[in-house]
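Visitor: Please take me through one part of this structure slowly. I am new to this, so explain the terms as you go.

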Amino acid sequence: MLPEKLKSELTAQIARVDHPREMAIDVINALQDHYGYFSDEALAQAADLLGMSPLELDELATFYTFIYREPVGKHVIHVCDSLICWMEGDENLVAHLCDRLGIQMGGTTADGLFTLLPVCCIGYCDRAPAILVDRQVHGPLTIDALDRLIDTLRENHS
Amino acid sequence: MTATYPQVLLKNRKPDRITTLSEYREAGGYEALRRVLTEMDRQEVKTRLADALLLGRGGAGFPAGIKVSTVAEDAPFPRYLVCNADEMEPGTFKDRVFLHAEPHMLIEGMALAAYSIRASHGIIFIRPEYESAAKILEREIGIARGEGLLGERILGSDYDFEIVVHRSGGRYICGEVTAQLNALQGRRPNPKQPPPYATDKGLWGLPTLANNVETLACIPHIVKNGAQWFKDLALTPEAAGTKLFCVSGKVNRPGCYELPLGIKLSEIIETCCGGMKDGATFKACLPGGASTGYLTADHYHIEMDFDSLKKARNRLGTGAVMVFDHHCCMVAATLNLTEFFARESCGWCTPCREGFPYLRDLLWRIENGQGEAGFIPMIKTMCRHLWKSYCAFAPGGVASIESLLMNFEDEVMAHIEGKGCPFKK
């Protein structure tokens, strides 16, 4: 169930714009933040709020990189694998993360803390190799710096 | 370093914060907007843009003065101005650096561009990875509104203009203007072939002018200092203005540098970026993002402007210079770029959707010792087919592959004949 407060906030935001559907991504993001991912339930609620069909919302949700239609971990790690990060050794970061977290690319750790995903160039080529954790950029990263980052995220949940 | 060349867009850049509204005004900011609203007519703004030969900085290099004039005088209202801050071309981060330095220069540039076409609604379309810039813009738009520089009756005139920030869900194709307009309207962002052009029927069927961040940021300076001043900033007679070059890869100091158009590639690498990393040798670069072709050492001293790159059968693109040294395998690099285009194809048309995975597969086989000489004509044919795709995405995506075969065929053959990558031995 969507909390009444969030629902009324979103309803008010939608009422302020000329065309409700221009708010589609904002509404999807807000519901994704609430549920942890953009679930079927969230999709139906977003469609309802925006006056769009669930199909129209799914056309958007399945298109974008940062909208997750399946459950993801509390922290989503996107490793940039485009040209400059690749030249600076993103493959070593991925191998280390897979090893350290015990998952493959695309997987989620058993404790539900981390999901590992690839991402195309994130626009931080001057800080390669770079990754996004919950949309925050980290780079240039060494294996040691990556370990410290994972340790900090883990400690915050223990 | 770059101090020897005039700085315009990044003149007051600070290491860790933006130029505030009061600092921007002290440096002459919003003076162009005041003058336009009190002393100049709309046509004068358009004339200055056209005379300044300002070419779009987002990749296509289309003349901004021509684009602005395609909004018809009797076109319906409301009219829209879209600022493209999507910046998803691999290697490109200039707009990110700029937005974290001079948000008010963009706001003023948007207000001026909007005024010239009588647009009342401004939208900044921004990629999700730039959330910190989106927050800065929203805050500074609010501050500007509080000072009467945006909103109703700007600076006491009868002109109203509002700006909102629109966050994308994140896909490369959203940088293409027709796809971006679909995205802004809550539709799946597949591109659309014009006509109608956006300036005729864009957002919600109404006139919409779309420009890149850097293009809009140039406008206050052109209005204030005139077209000739802007043209004189460039080092080559055909070019005009400065350019934000963002350099990455195998150089000592990757970063974003404001330099005159027409500066030599060698000077960018050696003087601004401190030369090649670890004393390596320059092998090639992509001059303007992943959608441009390789420039080899033969072009090491090329003048970096739109015309010179065109003469070299290449493109300046976004000015994202990605540098390779002699240790880099160009087949592997091209495979990485092709992977990018295979993943980011929106899937709307068959040549693009099917062609990139096919090309990726052939390049993967060559890189991994399974290549055959017969692959080369197959790749060339497929690249030609991709020119027949629906939008500019695929022709951009095959630029690196075509230039790989044009400039590095020996290297490709060495992979095929040696049954593996010679750089991994």
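Guide: Here is a close look at one strand of chain A, followed by some features of chain B. This is a predicted model, where local features need pLDDT of at least 70, side-chain atom pairs count only at pLDDT 80 or more, and totals for chains, interfaces and linings use all residues. Residues are numbered from 1 along each chain as its sequence is written, while chains are lettered from A and ligands numbered from 1 in the order in which they are written.

Start with strand β1 of chain A, residues 75-80. Strands (E, at least two residues) and helices (H or I, at least four) are DSSP runs, numbered from the N terminus. In β1(A), 6 of the 6 residues are buried, so the strand is largely enclosed by the rest of the structure. Buried means that 20 or more other C-beta atoms lie within 10 Å of the residue's own; exposed means 12 or fewer, and partly exposed is in between, with C-beta atoms placed from the backbone.

Look at the two faces. In a regular strand the side chains alternate between the two faces of the sheet. On one side of β1(A) sit H75(A), I77(A) and V79(A), all buried. On the other sit V76(A), H78(A) and C80(A), and these are buried too.

Now the neighbours. Two strands pair if DSSP finds at least two bridges between them. β1(A) runs parallel to strand β2(A), residues 114-119, and 6 bridges join them. Here C80(A) stands opposite V119(A). β1(A) also has 3 bridges to strand β3(A), residues 131-133, and that pair is antiparallel. V79(A) faces I131(A) there.

Chain B has a parallel pair as well. Its strands β2 (residues 121-126) and β3 (residues 162-167) are joined by 6 bridges. F125(B) has H166(B) as its bridge partner in β3(B). From β2(B) the chain crosses through helix α7 (residues 131-146) to β3(B), in a right-handed β-α-β crossover. Right-handed means that, with the strands pointing away from the viewer, the path from the first strand over the helix to the second runs clockwise.

Finish in the loops of chain B. The loop between α4 (64-69) and β1 (80-85) holds P78(B). A cis peptide bond joins F77(B) to P78(B), with omega about -5°. The loop between α8 and β4 holds W204(B). Phi of W204(B) is near 55°, a positive value in a residue other than glycine. W204(B) has 15 C-beta neighbours inside 10 Å, so it counts as partly exposed.
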